[in-house]
Amino acid sequence: MEMPFDEDGDQDGPGDEATVLTVTIGPDAPGRLDKALAAAVPEGASLSRSRLARMIAEGAVSRDGVAVTDQKAKVAGGEIYSLRLDPAAGIETLPEAIPLRVVWEDAELIVIDKPVGMVVHPAPGTPSGTLVNALLHHCGDSLSGIGGARRPGIVHRIDKDTSGLLVVAKTDRAHHGLARQFEEHSVTRRYLALVHGVPMASDPRLRGLRGVTAEAGGVLRIATNLARHRTDRQRQAVVWEEGRHAVTRFRVAEAFGTQAALVECWLETGRTHQIRVHLAYAGHGLVGDQTYGGKKRLGSALGQGAVLGNAFPRQALHAATLGFDHPVTGERLEFSSPLPSDMAGLIEALRAGQGAG
């Protein structure tokens with residue numbers, strides 16, 4: 001069973017009936033069931049360890065036709081488990097006449113430039129006003145059914161308060177083709193972020209940080225595992241023995257003194273909050289990030305730029321470039337999105353503040 005790639009959240013099976021995902025435990029997997037399944041489920045399934053634990057307790061995980069209800073049950077490499085994915089509970093998703101910034105559209109797919117503040121798909125806390133509601137109005141019935149009623153056509157996501165580009169499938173064949181490219185890491189995704197400090201490849205602290213390596217052209221590469229935080233389930237955390245592999249590359253595009261920088265980030269994988277977590281791990285959290293940015297503040301040397309930066313109401317992150325092979329024609333498509341006005345204004349203020357300093 002092929003599941004849509006999802007950067008950010010749990011995966012719901014297509015349609016109204018339960019679907020079954022078959023998982024084979026790897027040879028080096030952890031020794032207990034919940035941890036082993038978390039390591040073995042495919043990337044596109046986006047099943048967190050806490051959700052897997054609930055599924056085990058509810059009898060939705062079985063081996064050889066027998067339910068396994070103990071999340072601490074011992075496992076061995078090569079064992080095969082069946083996971084029953086029940087459909088999402090009834091959130092009725094209705095078309096809404098919400099304006100969309102359409103960058104590209106044909107019979108197979110549509111590329112959207114998502115504004116800050118828009119949630120991608122309905123959830124219990126946001127049943128309406130989402131991108132999916134807008135797409136249902138714009139596209140009518142021409143969205144891929146993969147993803148079910150809550151996520152028609154959704155192949156990947158970006159956070160509510162992150163702006164920028166994402167592609168949505170209008171046919172099932174496009175959905176499968178796009179999902180495959182995300183799984184194979186052949187999709188180009190470049191983000192622009194404003195961070196505290198100036199992360200330089202020459203910094204011995206960064207070069208000595210586990211999982212961080214320097215590459216040509218001043219590029220820094222962070223490779224860790226990511227998993228839900230042990231005490232705050234709304235956050236992600238860097239881990240080493242469990243979770244999912246995550247790789248981010250980044251380099252400084254512009255420095256504002258020593259206090260802040262505009263960085264370009266490239267995603268090799270697409271985990272929940274990946275850029276935000278990795279840059280915070282490196283000691284260069286995003287400006288405005290209330291979840292991972294810590295208590296860092298820009299100093300007065302940046303003048304009005306510091307005032308605006310310290311009051312910035314969201315993580316300063318923008319999905320600026322998206323590239324992929326058209327899943328039907330094979331043509332390589334590349335799209336770019338200009339910075340939103342809030343980030344562009346903050347950058348201008350930081351430049352002015354640096355000059356004044």
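Here are some numbered notes on the predicted model above, going from the overall fold to single residues.

1. **Overall shape.** Let's start with the whole chain. The protein has eight helices and 15 strands. Its radius of gyration is 21 Å, close to the 21 Å that the globule rule gives for 357 residues, so the protein is as compact as a globular protein of that length. Taken along the principal axes, the C-alpha atoms fill a box of roughly 70 × 45 × 40 Å.

2. **Burial and contact range.** Buried residues account for 50% of the 357 residues. If you look at contacts between residues at least 6 apart in sequence, 68% of them join residues at least 24 apart.

3. **The largest nonpolar core.** This core has 34 residues, and the members that touch the most others are L135, Y191, I275 and L279. Two or more residues come from each of these elements: β6 (109-114), α3 (131-139), β7 (163-169), β8 (188-196), β10 (219-228), β13 (260-267), α6 (274-281) and β14 (317-325). Helix α3 gives the most, with five residues. A good residue to click on here is I275: leaving aside neighbours within four places in sequence, I275 is in contact with Y191, T248, C265, L267, L286 and L317.

4. **A second core.** Apart from the largest core lies another one, made of 20 residues. Its members include I25, L37, L52 and I56.

5. **Around helix α1.** Helix α1 covers residues 33-40, and its buried residues are L33, D34, A36, L37 and A38. L37 also appears among the members of the 20-residue core. Which elements cover the buried residues of α1? Among them are β1 (19-24), α2 (49-57), β2 (61-63), β4 (80-85) and β12.

6. **The four-stranded sheet.** Several of those strands turn up again here. An open sheet has the strand order β1-β4-β2-β3, with antiparallel pairing. Its edge strands are β1 and β3 (66-67), each of which pairs on one side only. Inside the sheet, β2 and β4 run antiparallel and are joined by two bridges; V61 has L83 in β4 as its bridge partner. Helix α2 lies across β2 and β4, and runs at about 95° to β4.

7. **The β10, β12 and β13 strands.** Strand β12 (residues 244-256) pairs with β10 in the antiparallel sense over seven bridges, one pair of bridge partners being L220 and F250. On to β13: β12 and β13 also run antiparallel, joined by eight bridges, and F256 has A260 in β13 as its bridge partner. The hairpin formed by β12 and β13 has three residues between the strands. If you check backbone torsions, G257 in that turn has a positive phi of about 65°.

8. **H175.** This histidine sits in helix α4 (residues 172-183). Is H175 buried or exposed? H175 counts as buried because its relative accessibility is 1%, under the 20% cut-off. From C-alpha to C-alpha, H175 and P152 are 9.8 Å apart in space, with 23 residues separating them in sequence.

9. **D289.** Here is an acidic residue to look at in the loop between α6 and α7 (304-310). With a relative accessible area of 3%, D289 is buried. Which backbone atom does the side chain of D289 reach? The partner is the backbone nitrogen of Y292, at 3.1 Å. Leaving aside neighbours within four places in sequence, D289 is also in contact with R276, G294, R314 and Q315.

10. **T321.** To finish, take a threonine in strand β14. T321 has a relative accessible area of 16%, and this is under the 20% cut-off, so T321 is classed as buried. Beyond its neighbours within four places in sequence, T321 is in contact with L165, T188, R189, R190, E334, F335 and S336.

Methods: Residues numbered from 1 in each chain as written. Predicted model: local features only at pLDDT ≥ 70, side-chain atom pairs only at ≥ 80, totals over all residues. Heavy atoms only, no water. Buried < 20%, exposed > 50% of the residue type's maximum accessible area, 1.4 Å probe, protein only. Core = buried A, V, L, I, M, F, W, Y, C linked by side-chain atoms within 4.5 Å. Contact = heavy atoms within 4.5 Å. Pairing = 2+ DSSP bridges. Axes fitted to C-alpha atoms, helices over the stretch in contact; angles between N-to-C directions. Polar contact = N/O pair within 3.5 Å; in protein donor to acceptor, adjacent residues only side chain to side chain. Rg over C-alpha atoms; globule rule 2.2 N^0.38 Å.
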